[in-house]
Amino acid sequence: MTTTMEVPVPPLSPPVQGEEEVVLPGYEAGIEQSGVEHSRRKLEASADRLSAKPTAIDDRSQVRLQSQSHDPRGFGERRSSSSSSSSSSSSIIIQTLQCHSEEETWTYRCRCNFQIVALVEALATTATNATTSTAPTSLPSPLQSRRYAYAMRSRGRPVLLGTKNSFPIATRRIQTAMSEFMEYLNSNANTNTNNSNNTNGENENGNIIGAHLTSCTFSSAWRDTPDADCVLTLHYDHPLQNHKTLWKQQARDLCQRLNLRQLNGRSKGTLLSVRGEVKERGNHRITTNDNIDNGSDHHNDHDHDNDNGESGKTDDEAEATIRDTVHLLRSNYGSSNNNETNNGTITEGVVEWKVGLEEEISPPDAKSALLSIIPVRYDKPETAFYHPNPNAMTKALAWMLNQLTSILSSSLKRQQGRLKLLEMYCGCGAHTVALGRSGLVSSILAVELDPRLVRACEINVFKNGLREVVEIRKGDAGKWAREESRRSRLRSRRQRQMRTEITEEQDQNNHDESHDNYDVLLVDPPRQGLDEEVCRMAMMSLESSSDNNNDDDKADDNGDGNSSCFRNILYVSCGHQALLRDLERLSPVYEVVNCAQMDLFPRTDSIETLVHLRKRGL
């Protein structure tokens, strides 16, 4: 872990007259540049790179680009389906969902990490004699003053954020907490040394929060409001356990001052935590009035709020959570009537999904009839990954819902009204619970390796009354896929050996805990892409049928394709090169029918690509 840096102002470019007010280290588009133009150019360039790899898309298809219109409410845009070109080959549209306003390129990031830099400034009478401290934790002399600033590392060195010491990429909630925390640090910057001969600045009457502080992490809710959940974690290079009581006393006051949900202090082997005051959240979207299926689950929920009237409650080594609610809006185009049967199946019209963070939403236009608004509640662990850009997350979720609706309407499953889904890399359940609440799926098997995310997903499934719909498995995606492939081959072998018609009861007995015969595989892997075993599982029918050395491994063909080969794959990718590799791996069995690209982190080079693949021949 790096230590707090104390340096004279000149080497770190101090705030002086004429210098930049805001600096965005590592960002391609700075404060004076257009984020909209940057978004357009990078998405078009990415689409060009994708279309330049025809085998990754479909060597029998033509590729066209299509820029989507902007929805000012921030919901996911409507996706058009593939259309036929004038030739015999199909036409794949790569939709580019760029930012259409400068506002979209600011205040979107809800998780931010900063290095804390201690600047040592000589007083005016000795300005020419400023020197760099030889020890990172040494203190200013009486003729020097110290102040703190945020910095981000770029090319191996800390870069200050400019004269305003602010980060406009962060949510407004985080920006407010950043400003208040820095004000707190600087108001106490020199109290550690007052009337103390302790070179580490740890006198009992001083401020312990800023001593040995190296960095900090701000995490906030997707819904950016003044009272949204915000968690601050402080990182130290010196043991906190020796000053536990004093740190927690000062942290409790700071937590209340910044209106934080939780304040954490981390040092090697130690985690100290204090909770903020429990307050009535007013119009916050997470309330006991939310209409959640299986409402009995809600009253027994692990709420984590500690709503017991205690304020400033401490909870060492507690897992901080960020609470959120998103709203799924389902509308029906082409009819003013509610064309929904008692079992939820849509009988006519075109269903479209949009996803937003606000509940007060209306149908997309006058030609559509609002069918339902479905709230989805989340508890996201602050220490583990959750999507840091709510704009991209809601757009991706709307795309998934619309693709599943298209799959449902074009398959035999339409009569049943539900799909079976296998989700790999499910995380905290951001996609899992929303898809489960949509009513489009009858069952979801979700696989995740990180135990913190597994626990969070379990809680979110519980909160949303989906225990009968979602099953969660802890495991590595590659190992799980390899074992699933083995089980599926054994099932096919047993079925061939029987050579008799399997009764419904026998068929049920032959289906073990793997829950095979999925309609859709949903994958949202890390940047390095899919594990090779996941690709092998998805393509098992091709590999099995080409194995001439062992007829027992041949896939069983039921006329409509192998039962262990997915009909559809929804692939969410943040790694462009890995996506191209995986699409080429899958291309012998699957063809791309829909592709969309969005600005994952505006003003950076990050892009998220959404691909719907369908098994060839369907």
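The following dialogue introduces a predicted model of one protein chain.

Student: Which helices and strands should I expect in the protein chain, and how many are there?

Tutor: The secondary structure of the protein chain comes to 13 helices and 21 strands. The chain has 618 residues, of which 54% count as buried. About 27500 Å² is exposed, and carbon and sulfur atoms supply 45% of that area.

Student: What share of the contacts in the protein chain with a separation of 6 or more comes from residues 24 or more positions apart?

Tutor: Such residues account for 77% of those contacts.

Student: Where does UniProt place the feature "binding site"?

Tutor: The UniProt record, an unreviewed entry, places this feature at Tyr-425, Glu-448 and Asp-524. These residues are spread over 100 residues of sequence, yet they cluster in space, with a largest C-alpha distance of 10.8 Å.

Student: Is Tyr-425 buried or exposed?

Tutor: The general idea is that a residue under 20% relative accessible area is called buried. Tyr-425 counts as buried because its relative accessibility is 19%. Tyr-425 is found in the loop between strand E15 (419–424) and helix H7 (432–438). Leaving out residues up to four places away in sequence, Tyr-425 touches a list of residues including Glu-448, Ala-477, Asp-524, Pro-525 and Val-534. Two of the annotated positions, Glu-448 and Asp-524, are thus among the contacts of Tyr-425.

Student: Where is Asp-524 found, and how is its accessibility classed?

Tutor: Asp-524 is found in the loop between strand E18 (520–523) and helix H11 (532–538). With 24% relative accessibility, Asp-524 counts as partly exposed. Beyond residues up to four places away in sequence, Asp-524 touches Met-424, Tyr-425, His-431 and Val-572.

Student: Ala-477 appeared among the contacts of Tyr-425. Where does Ala-477 lie?

Tutor: Ala-477 lies in helix H9, which covers residues 477–498. Ala-477 counts as buried, at 8% relative accessibility. Residues up to four places away in sequence aside, Ala-477 touches Met-424, Tyr-425 and Val-534. Ala-477 can also be compared with Cys-426: the two are 51 residues apart in sequence, and their C-alpha atoms are 10.0 Å apart in space.

Student: Where does UniProt place the feature "active site"?

Tutor: According to the UniProt record, again an unreviewed entry, this feature is at Cys-574. Cys-574 has its place in the loop between strand E19 (568–573) and helix H13 (576–586). Not counting residues up to four places away in sequence, Cys-574 touches Pro-525, Pro-526, Arg-527, Leu-600 and Ile-607. Pro-525 and Pro-526 also appear among the residues that Tyr-425 touches.

Student: How many disulfides does a search of the whole structure find?

Tutor: The search finds 0 disulfides. The general idea is that two cysteine sulfur atoms must lie within 2.5 Å to count as a disulfide. For Cys-457, the closest cysteine sulfur is that of Cys-426, and the 4.1 Å between them is too far for a bond. Cys-457 counts as buried, with 0% relative accessibility.

Student: Why should a reader look for groups of nonpolar side chains?

Tutor: In soluble globular proteins, nonpolar side chains tend to be buried together. In this structure the largest nonpolar core has 103 residues, and Phe-167 and Phe-181 touch the most other members. Helix H6 (residues 390–409) gives the most to this core, with 11 residues. At least three residues come from each of domain 1 (109–121 + 144–191 + 208–275) and domain 2 (385–498 + 516–542 + 563–615).

Student: Which residues is Phe-181 in contact with, leaving aside its neighbours within four places in sequence?

Tutor: Phe-181 is in contact with Tyr-150, Ile-209, Leu-213, Phe-218, Leu-232, Leu-234, Leu-254 and Leu-258. Apart from the core of Phe-181 lies another core, of 35 residues, which includes Ala-47, Leu-445, Ala-538 and Val-589.

Student: What is the sign of phi in Arg-155 and in Asn-259?

Tutor: Most residues other than glycine have a negative phi. In Arg-155, however, phi has a positive value, near 55°. Arg-155 is placed in the loop between strand E6 (144–154) and strand E7 (157–160), and counts as exposed at 87% relative accessibility. Phi of Asn-259 is also positive and near 55°. Asn-259 is found in the loop between helix H4 (244–257) and strand E10 (262–267), and counts as partly exposed at 34% relative accessibility.

Key
Residues are numbered from 1 along each chain as its sequence is written. This is a predicted model: local features need pLDDT of at least 70, side-chain atom pairs count only at pLDDT 80 or more; totals for chains, interfaces and linings use all residues. Side-chain values use heavy atoms; hydrogens and water are left out. UniProt positions are given in the numbering used here, feature names are shortened, and annotations may be inferred rather than shown by experiment. Helices (H or I, at least four residues) and strands (E, at least two) are DSSP runs, numbered from the N terminus. Buried means under 20% relative accessible area, exposed over 50%, partly exposed in between (1.4 Å probe, protein chains only). Contact means heavy atoms within 4.5 Å. A nonpolar core is a set of buried Ala, Val, Leu, Ile, Met, Phe, Trp, Tyr and Cys residues joined through side-chain atoms within 4.5 Å. Domain bounds come from an automatic or database domain assignment. Accessible areas come from the Shrake-Rupley method with a 1.4 Å probe; for residues, only the protein chains shown count as cover.
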